[in-house]
Amino acid sequence: MDERRSPSPCSSRPSSPRTPPSEMFGPVGIEAVLDQLRIKAMKTGFEFNIMVVGQSGLGKSTMVNTLFKSKVWQSTEPNLDVPMPQTLELHSVTHVIEEKGLKLKLTVTDTPGFGDQINNDKCWDPILSYINQQYEQYLQEELLITRQRHIPDTRVHCCVYFVPPTGHCLRPLDIEFLRRLCRTVNVVPVIARADSLTIEERDAFRSRIQQNLKTHCIDVYPQKCFDEDVNDRLLNSKIREQIPFAVVGADREHIVNGRCVLGRKTKWGIIEVENMAHCEFLLLRDLLIRSHLQDLKDITHNVHYENYRVLRLNESHVLPRGPGWVNLAPASPGQLMAPGPGKVRKRANKDAKDEEC
């Protein structure tokens with residue numbers, strides 16, 4: 001029986017240590033490690049790569065600027081004289097954001113043209129190809145005999161998918177996209193321009209979307225099988241109940257009752273972005289930045305990238321030629337667009353059944 005098995009997506013992450021702590025006679029200064037990590041983080045900073053996907057006019061650029069309270073992305077005004085692009089083109093922009101001495105290298109990838117065509121058949125292929133290209137680039141760097149001390153990380157850590165506020169349910173395009181992409185990257189769906197729906201319509205729309213995700217086996221972030229302990233399970237269960245978040249983006253400030261707030265001014269008043277009574281933008285910001293940023297990066301490296309790496313090595317028939325040598329040809333365009341992790345997941349499920357037998 002072949003002992004080499006592909007890692008399952010749920011088992012790829014390192015499990016929490018279960019070794020019982022040994023009896024200590026006094027402090028030895030272990031807590032100083034936290035200070036060392038903090039000093040190192042202040043020196044090197046962090047990298048975070050986010051992709052936004054959705055039709056034109058859903059406020060993707062504004063939402064990114066609102067998330068990081070910076071002019072990360074300049075939105076372009078619609079121009080009737082400029083013809084609509086016939087193909088989907090991906091654009092990335094990188095900024096360094098600094099807060100209290102801590103630097104964050106943020107890369108935002110936009111997907112103008114997604115879903116804007118009459119025929120949207122396979123419009124997700126360029127997105128899937130781009131994500132896998134970043135995995136391939138990281139893999140080729142890892143396989144070098146003399147590697148860089150720090151491999152530049154351009155892998156997409158999170159994909160925020162903007163669902164149009166139709167009030168009905170997910171469109172076939174949404175379902176097909178999410179089915180493919182959730183196996184390759186962490187996907188967080190949001191209801192865009194939620195101020196166009198009443199609270200009752202918003203809640204009913206969310207329930208139908210959650211039912212769509214369950215019916216079509218679409219596992220968006222945070223995935224249930226990656227909850228490591230009781231605290232993770234409790235926190236992530238509350239998040240899963242509220243996904244997709246109903247969000248509103250705004251990068252202009254207004255005065256409300258003597259306070260300066262981010263919001264959108266309408267004829268009926270000002271929609272405050274950071275007011276939970278108006279929208280759920282705060283939940284999205286907390287998930288992406290304040291509570292789960294590092295977890296998004298960990299799952300990207302330990303699960304999605306690992307699945308891609310295993311698949312590529314298996315497909316290339318890797319033959320060791322001595323310490324540090326790997327014979328791996330660059331991926332073809334067809335391999336980059338193929339949903340590779342899905343194959344690894346199926347093989348892992350088969351291995352799990354064999355173990356049960």
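A nonpolar core is a set of buried Ala, Val, Leu, Ile, Met, Phe, Trp, Tyr and Cys residues joined through side-chain atoms within 4.5 Å, where buried means under 20% relative accessible area, exposed over 50% and partly exposed in between, with a 1.4 Å probe and protein chains only. The model is predicted, so that local features need pLDDT of at least 70 and side-chain atom pairs count only at pLDDT 80 or more, while totals for chains, interfaces and linings use all residues. Residues are numbered from 1 along each chain as its sequence is written, and side-chain values use heavy atoms, with hydrogens and water left out.

**Exercise 1. Describe the largest nonpolar core and the surroundings of L284.**

Solution. The largest nonpolar core holds 76 residues, and F177, L284 and L288 have the most contacts inside it. Take L284 next, with contact meaning heavy atoms within 4.5 Å. Once its neighbours within four places in sequence are left aside, L284 touches M63, L67, V188, V190, F245 and V247.

**Exercise 2. Determine how helix α2 packs against helix α7.**

Solution. Helices (H or I, at least four residues) and strands (E, at least two) are DSSP runs, numbered from the N terminus. Two packed helices are described by the angle between their axes and the distance between the axes. Axes here are lines fitted to C-alpha atoms, for helices over the stretch in contact, and angles run from 0 to 180 degrees between N-to-C directions. For α2 (residues 60-68) and α7 (residues 281-291), the angle is about 70 degrees and the axes are 10 Å apart.

Angles under 35 degrees count as roughly parallel, over 145 as roughly antiparallel, 65 to 115 as roughly perpendicular and the rest as oblique; α2 and α7 are therefore roughly perpendicular to each other. The residues that meet are M63, T66, L67 and F68 from α2, and F281, L284, R285, L288 and I289 from α7. This contact divides into seven nonpolar residues, one polar and one charged, where Ala, Val, Leu, Ile, Met, Phe, Trp, Tyr, Cys and Pro count as nonpolar, Asp, Glu, Lys and Arg as charged, and the others, Gly among them, as polar.

**Exercise 3. Establish whether α2 is mostly covered or mostly open, and by what.**

Solution. Eight of the nine residues of α2 are buried, which makes the helix mostly covered. The buried residues are K60, S61, M63, V64, N65, T66, L67 and F68. Their cover includes the strands β1 (46-53), β2 (91-99), β3, β4 (158-163) and β8, together with helix α7. After α2 comes K69, whose phi is positive, near 50 degrees.

**Exercise 4. Locate the cis peptide bonds before P222 and P244, and the positive phi angles of R193 and N257.**

Solution. Begin with the prolines: the bond from Y221 to P222 is cis, with omega near 0 degrees, and P222 lies in the loop between α5 (199-215) and α6 (230-242). The bond from I243 to P244 is likewise cis, with omega near 5 degrees, and P244 is placed in the loop between α6 and β6 (245-246).

Turn then to phi. R193, although not a glycine, has a positive phi of about 45 degrees; R193 sits in the loop between β5 (187-191) and α5, and counts as partly exposed because its relative accessibility is 36%. N257, also not a glycine, has a positive phi of about 55 degrees; N257 belongs to the loop between β7 (253-256) and β8 (259-266), and at 75% relative accessibility counts as exposed.
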